[in-house]
Each structure stands twice: as structure tokens, then as C-alpha cells.
Amino acid sequence: MNKVIDLRSDTVSKPGEAMRRAMAGAEVGDDVFGDDPTVNLLEQKAAELTGKGAALFVPSGTMANLIALLTHTQPGDEILLGDESHIFNYEVAGAARIANVQTHALRNRPDGSLELADIDRAVRGPNIHSPRDPLLCLENTHNRCGGAALPLSEMDALTGLARRHGMRVHVDGARVFNTRAALGVPVARIVRDCDSLSFCLSKGLGCPIGSLLCGTREFIDAARRHRKMLGGGMRQVGVLAAAGLFALEHNVERMTDDHDNAARLADGLRELDAFAPNRPETNIVVADVIRGDLTDWLRAFSDAGVLAVPFGPQKLRMVTHINISRVEIDEALARIQRVAGAVAV
Ligand SMILES: Cc1ncc(COP(=O)(O)O)c(C=O)c1O
């Protein structure tokens with residue numbers, strides 16, 4: 001069997017030799033005591049890169065988002081977020097179950113943005129009957145919206161509106177370094193007017209684990225208590241933070257390669273006349289299946305050694321990442337073409 005080309009997600013990437021060496025050589029200490037020098041360095045670096053005062057190393061993007069909700073809200077509050085957002089769809093209703101907030105989902109436009117008028121309508125005034133609306137959650141890049149990178153004009157309009165309503169803004173920036181690569185502007189500018197940002201090390205940045213939650217020093221001090229409550233206080237995790245430091249140094253500039261590969265993959269799928277893929281701005285290809293059945297396609301892909309995931313009734317998703325070269329994209333397309341006749345008749 002040929003090598004499997006795994007395009008299910010950028011989370012499947014594996015650390016390379018140089019990253020493993022950095023991990024093996026890391027200085028460590030007990031991070032719950034604040035004693036791990038490598039974690040401290042990573043948190044400092046994340047705070048610098050995002051233009052926030054402080055940062056907190058956590059095991060996952062899901063935990064980073066949940067801690068943000070716990071820190072920004074009180075039980076019984078309401079949060080506004082997109083109906084295609086990761087927090088709303090894929091975080092096991094942690095907002096409801098653990099942060100005890102009501103989610104008010106607003107329609108995401110296909111480009112991942114939200115209508116300003118929908119936010120205006122959704123925000124409730126001071127009224128004894130209504131929950132408070134202290135928080136707007138954005139996602140950039142937007143996973144379910146095909147890795148769309150929300151432009152600065154959109155970010156500025158949304159944060160400006162939130163400000164006028166007296167709301168804070170949290171950005172789920174699991175892939176914000178992909179936004180940076182797509183827009184060509186620093187992360188600190190993208191989230192300039194946002195109160196908090198989570199970003200993942202274990203996606204496009206190619207680390208085995210880890211996310212950073214970034215915000216003011218006061219916010220992060222409070223977030224640290226919530227991390228402990230959730231069981232996310234870790235000990236000698238400099239070995240993991242070292243991977244993050246390595247990635248922020250070496251794996252950021254190369255992300256445009258993943259974006260070029262995703263564009264090539266989408267073009268190739270379009271040429272098969274069986275798929276209607278997005279025009280990816282970053283590393284995520286989402287394609288409607290327009291001929292044949294999704295399940296049959298996914299099985300044929302898999303038999304041919306190409307992995308994708310279902311992403312809706314007749315939709316699939318493929319994500320490019322650090323372990324996928326241009327040659328492998330062309331090979332994946334060639335394999336798909338070879339099986340196409342058998343599926344889409
Ligand atoms: C946009 C977005 N936010 C958050 C997460 C959660 O990250 P994790 O899998 O590390 O919990 C993901 C994971 O795919 C994601 O795509």
C-alpha cells in the first residue's frame with residue numbers, strides 16, 4: 001500500500017526530528033508553581049506576538065475557549081456567537097454545562113463573518129427578565145466556513161460594535177497564524193481590539209499538543225484559577241512548551257505553502273466535475289459532493305490511501321498541513337482521479 005495521505009485535519013501532523021530534539025532538551029519545572037522556565041518563555045512569547053499583556057499555556061483549544069468563557073462571564077449570562085462556530089458545534093456544550101451560559105447563535109455568513117444588524121438585534125437591554133450579554137465570540141480563521149480569514153475591516157467593525165454595546169470580545173483563533181499568513185499582517189493587529197484570543201499549537205503550527213489563551217494580566221490571573229479547576233494545571237510541561245517555542249520560531253512563515261497546497265487541491269477537485277469546493281483562503285478545503293454519494297466517495301478515497309472527513313450531508317473537508325508536500329497533493333489528486341469513475345456515474 002502506498003503511503004496514506006492524511007488530509008482529515010491539520011491536527012494529524014506529527015512533530016519532526018528538530019522539534020523532538022527541542023522537546024528532549026527543554027528545561028522544566030513545576031508549572032503549577034510557576035517554576036517551568038520553558039512554559040514561562042512560551043507564555044511571554046505568545047503575549048508578545050498577540051499584543052496582549054499575558055498568556056496561559058493550556059492542553060487544548062477547547063479548554064482555552066472554555067476558560068475564556070468562564071473568565072469573561074457569570075453563570076446565567078448569554079454569549080453571542082456564530083452558528084457555524086467551533087464553540088457552538090464541537091465543544092460538547094461546555095459553554096452550557098460548565099460555564100453555565102446561554103448560547104445565542106447568530107447566522108454566520110459563508111465567509112465566517114456575522115451581520116452587524118443581527119448583533120444589534122440580539123443584544124438585550126437592561127431588563128429584569130433578560131440575561132446579560134457580556135461577550136461576543138468570533139472565530140478566525142473560520143473552520144466550518146472553509147478556513148475563511150476574517151479581514152481587518154470585519155474584525156474592526158465587529159469589535160467596534162461590541163464595544164458600543166459594552167461587550168467584550170473573545171476570538172477563537174485556533175488557526176490565527178493562518179489568518180496572519182493569508183492577510184499578511186501581524187496577529188497583534190488582527191486581534192488588536194479583542195479582549196482575549198486562544199490559538200492552537202497543535203494544528204498548522206505542527207506541535208503534538210497545546211494552546212495559548214492570551215489577554216490582559218488580570219484576565220490571565222483569573223483564567224489560571226479556572227485552568228486549575230478544570231484539571232488543566234500541568235507540571236513539568238516545558239517538554240511540550242518547547243515544541244511551541246520551536247514552532248513559533250520555525251513553522252509560522254511556511255504556512256503559505258499549506259495555503260498554496262489547499263488552493264491546488266481545490267482546483268484539482270473542481271476539475272473532476274464531481275465536487276464543488278470552496279476557493280480556500282487558507283488551509284481548509286470544503287467541497288460539496290455534486291455527483292455520487294459522500295459515503296461512497298469517502299470509502300473510495302480511503303481505499304486509495306487518501307483520508308478526508310465528512311463535513312455535512314453531502315460535504316467533505318480536507319486540510320493541508322506541515323506533513324503534506326505539493327507532490328503529495330498531486331499524488332492525492334491522481335489517486336482520486338483513478339477511483340472517480342467507479343464512484344460518480
Ligand atoms: C476553530 C477551532 N477552535 C477550537 C478547536 C479545538 O481545539 P482542540 O482540538 O485542541 O480542543 C478546534 C479544533 O479543531 C478548531 O478548529
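The following dialogue works through a predicted model, from its overall form to its ligand site and two backbone details.

Me: How many helices and strands does the chain have?

Reply: Secondary structure is a sensible place to begin. In this predicted model, the chain has 14 helices and 13 strands.

Me: What radius of gyration does the chain have, and what would a compact globule have?

Reply: The general idea is to set the radius of the chain beside the value for a compact globule with an equal number of residues. For 345 residues that value is near 20 Å, and the chain has 20 Å, so the two agree. Along the principal axes, the C-alpha atoms fill a box of roughly 60 × 55 × 35 Å.

Me: Which residues come nearest to the ligand?

Reply: One reads a binding site by listing the residues with a heavy atom within 4 Å of the ligand. Here there are 13 residues around the ligand, and those that come nearest are Gly61, Thr62, Asp172, Arg175 and Lys203. Helix α3 (residues 61-72) supplies the largest share of this shell, with three residues.

Me: How many residues of the shell are nonpolar, polar or charged?

Reply: Sorting the shell by class gives two nonpolar, six polar and five charged residues.

Me: Which polar side-chain atoms lie at what distances from oxygen atoms of the ligand?

Reply: For polar contacts, one looks for pairs of N or O atoms within 3.5 Å. The side chain of Thr62 has an N or O atom 2.6 Å from an oxygen atom of the ligand. For Arg175, a polar side-chain atom lies 2.8 Å from a ligand oxygen, and for Asn143 the corresponding distance is 3.0 Å. As for burial, the ligand on its own has 390 Å² of accessible area, of which the protein covers 83%.

Me: Where does the space taken by the ligand rank among the pockets?

Reply: That space is the second largest pocket.

Me: Which peptide bond is cis, and where does Thr141 lie?

Reply: The angle to read is omega. The bond joining Asn140 and Thr141 is cis, with omega about 0°. Thr141 lies in the loop between β5 (135-139) and α7 (152-164).

Me: What is the phi of Asn100, and where is this residue placed?

Reply: Phi is the next backbone angle to inspect. Asn100 is not a glycine, yet its phi is positive, at about 55°. Asn100 is placed in the loop between α5 (94-97) and β4 (102-106).

Notes
Residues are numbered from 1 along each chain as its sequence is written. This is a predicted model: local features need pLDDT of at least 70, side-chain atom pairs count only at pLDDT 80 or more; totals for chains, interfaces and linings use all residues. Side-chain values use heavy atoms; hydrogens and water are left out. A polar contact is a pair of N or O atoms within 3.5 Å; within protein, one must be able to donate a hydrogen and the other to accept it, and residues adjacent in sequence count only if both atoms are side-chain atoms. Accessible areas come from the Shrake-Rupley method with a 1.4 Å probe; for residues, only the protein chains shown count as cover. On a 1 Å grid over the protein atoms alone, a cavity is a set of points where a 1.4 Å probe fits but cannot get out, and a pocket is an open set with protein on both sides within 12 Å along at least five of seven lines; lining residues have an atom within 4 Å of a point. A molecule sits in a cavity or pocket if more than half of its atoms lie within 2 Å of its grid points. Helices (H or I, at least four residues) and strands (E, at least two) are DSSP runs, numbered from the N terminus. Ala, Val, Leu, Ile, Met, Phe, Trp, Tyr, Cys and Pro count as nonpolar, Asp, Glu, Lys and Arg as charged, and the others, Gly among them, as polar. The radius of gyration is taken over C-alpha atoms; the globule rule is 2.2 Å times the number of residues to the power 0.38.
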